[in-house]
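Please open the structure in your viewer and keep the sequence beside it, so that each selection can be followed in both. The tour begins at one end of a helix, moves to the surface around it, and then turns inward.

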Amino acid sequence: MFKKNVVLRPESFIEGFGESVISIIKLGFRTISEIFFYFSGIIWKKSGDIRKKVSLYLRYALIGLMEPVMEVYGRFERVFKDTAKTQTGGARLKAVLKGLNALMFGEDGLFISLFNVAAPVICIAFFIAVVNYSNSLSYGVRLEVDGSLYGYIENDSVFSEAEKLVDSRLNYLGSSRKINAFPVYTIEKTGGEFLSAAQVADLMLSNSGISVQQAYGIYMDGLLVGAVTDNSGIVEALDGILERFKTGLPDEKVEFVRDLDYTQGGVYTTESIIEPQIIIDQVTSLKQQASYYTVEVGDSPSLISDKLDMSIDEIEALNPGFSEGIAVGEKVQYSVDVAFLDVAVTYSEVYEVHEPFRTIYHDDDGMYVDTTRVIRPGEPGISRVSASVSTVNGVERERVITSAFKLSEPVDEIVARGTKQIETGSVSSESAGYGKFIWPVPRYSVGTIERHHQDGGYAGHSGIDFSAPYGTPVYAGDGGLVVLSGWHYDYGTTVIIEHPNGYRTLYAHNSQNFVSVGEYVAQGQQIGAVGQTGRAWGNHVHFEVIRNGIKVNPRQYLDNL
């Protein structure tokens with residue numbers, strides 16, 4: 001076998017290398033163009049006119065962007081072809097290298113063309129960087145006071161506020177001392193933090209020559225009342241006051257009514273430093289103690305209300321159960337403790353309210369005039385209400401309804417109203433009071449009838465208790481003369497009617513009476529309302545029958561008992 005000798009000539013290598021580079025560049029541009037135009041075609045088909053215009057604009061933009069590069073590419077191709085035709089050997093290699101240098105770094109070379117494309121982008125990026133840098137710079141006021149550099153503040157109002165703080169710390173006991181400080185302001189660029197008014201005030205006091213100390217100022221309504229080196233005891237005492245008023249109700253907010261600040265640390269004059277216990281004793285003291293009234297013989301809720309010049313509801317708020325019964329010697333609170341620091345509490349409350357029912361009357365000629373009888377009891381409507389409640393020292397001051405949802409509508413009450421006229425002498429011994437009496441309360445309203453007397457009762461109790469809802473009408477068992485209407489010992493609010501033939505009937509523990517002493521009443525006439533006044537447990541009417549001054553068993557004088 002004979003081997004063929006292969007001779008490598010420089011000009012053939014250069015020519016092959018140049019043709020390979022040109023082929024790769026052509027393939028690259030062709031591939032990029034084909035991919036671009038392929039996807040442009042899809043967008044063209046799938047999109048409408050607007051997308052077609054966008055695609056066209058993108059194509060023009062790409063051609064404009066690639067034009068310098070394509071021009072360089074054309075020149076690059078021509079260099080290799082022209083050199084291959086006119087030069088050989090080392091001269092050809094030298095010519096190629098010279099042509100490449102001109103193509104890459106010449107006046108219209110690749111780098112110059114690329115720079116012309118990139119220069120606007122670089123300029124825009126540089127401009128954005130400059131703007132961002134400028135924005136990062138902030139301007140402040142350089143503050144010098146009496147030749148001493150304090151630092152930077154946002155504006156001169158910070159120094160004015162600092163002067164006010166200094167005055168409050170110097171003159172907490174009413175003196176009129178003042179620090180004469182002369183500030184010098186200079187506007188400068190700064191990237192640092194600004195001093196607050198409190199920090200400037202600390203510097204002013206520290207540089208004043210006055211004896212100062214780090215402490216916590218105690219401010220009430222913006223006025224300094226003293227400073228303490230340790231405020232932990234004051235914080236504990238004040239937090240304890242607030243804690244006593246917390247109820248855990250939804251959205252509860254507990255705070256002092258007065259503007260109180262006891263955590264403001266800083267530089268304070270030595271003479272303003274006081275013992276923490278002095279502040280603690282003051283804030284936990286009382287401005288006024290609660291007041292009480294002692295119930296006397298003959299007092300009733302209405303009479304006490306007149307004496308104290310307060311409504312029964314107001315007294316009831318301080319003394320739950322007041323309107324239902326009081327005893328001689330009992331203490332009735334009519335004012336509350338007033339603390340040195342008032343505490344305001346706001347919270348949300350959900351509860352039910354009753355909408356009053358209407359009363360519809362029907363005339364009944366079988367009943368005497370001015371007498372009534374309930375045929376169907378009314379029922380109040382019920383609504384579920386949400387309210388925002390505000391209290392001060394535990395006493396409600398404001399209640400704002402935020403929402404209401406009706407659960408039921410009210411049911412009208414139907415009442416029979418007597419139209420029968422009372423004849424002259426009808427309540428005399430000839431026409432009334434022969435030992436038979438109607439029930440003092442409507443039968444439908446009676447809960448439990450307790451039978452008490454010597455026949456099966458217990459010692460000290462003579463009569464019958466008719467348990468009925470609060471406010472149920474109390475009727476006269478028969479016609480007669482009212483000989484007592486008012487508070488009657490342990491009976492509470494009582495009515496006694498004197499009937500002919502030596503009979504009397506007694507109606508005790510009423511919530512209120514509707515008749516007066518000396519008034520004649522007819523059988524079935526309403527004389528009062530069920531309550532729990534006097535010595536009583538639960539709402540009821542205590543009914544007694546008295547014959548010739550002796551209490552007798554009422555059972556034999558009432559029908560169907």
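In this predicted model, begin by selecting residues 312-318, which form helix α10, and look within that helix for D313. Is D313 buried or exposed? D313 counts as exposed because its relative accessibility is 63%, and the cut-off for that word is over 50%.

Keep D313 selected and add D306, D309 and E314, since these four residues gather on the surface in a patch of negative charge.

Next, step back and display the whole protein, which has 561 residues, of which 35% count as buried. If you colour by secondary structure, you can look for ten helices and 27 strands. With the surface switched on, the protein exposes about 33,500 Å², and carbon and sulfur atoms supply 55% of that area.

Now select residues 493-498, which make up strand β22, and pick out I497 within this strand. I497 is buried, because its relative accessible area is 0%, whereas the limit for being buried is under 20%. Which residues does I497 contact, once its neighbours within four places in sequence are left aside? They are A476, D478, G480, L481, Y503, R504, T505, Y507, V521 and I527, which you can show together with I497.

For a distance to check in the viewer, choose the C-alpha atoms of I497 and G518, which are separated by 9.8 Å although the two residues lie 21 residues apart along the chain.

Finally, return to the whole protein and consider its contacts with a separation of 6 or more, of which 70% are between residues 24 or more positions apart.

Key:
Residues numbered from 1 in each chain as written. Predicted model: local features only at pLDDT ≥ 70, side-chain atom pairs only at ≥ 80, totals over all residues. Heavy atoms only, no water. Helix = DSSP H or I, 4+ residues; strand = E, 2+ residues; numbered from the N terminus. Buried < 20%, exposed > 50% of the residue type's maximum accessible area, 1.4 Å probe, protein only. Contact = heavy atoms within 4.5 Å. Patch = residues over 30% accessible without salt bridge, like charges linked within 9 Å, V, L, I, M, F, W, Y side chains within 5 Å. Areas by Shrake-Rupley, 256 points an atom, 1.4 Å probe, with all protein chains shown as cover. Salt bridge = Lys/Arg side-chain N within 4 Å of Asp/Glu carboxyl O. Lys, Arg positive; Asp, Glu negative; His and termini not counted. Charge placed at Lys NZ, Arg CZ, Asp CG, Glu CD.
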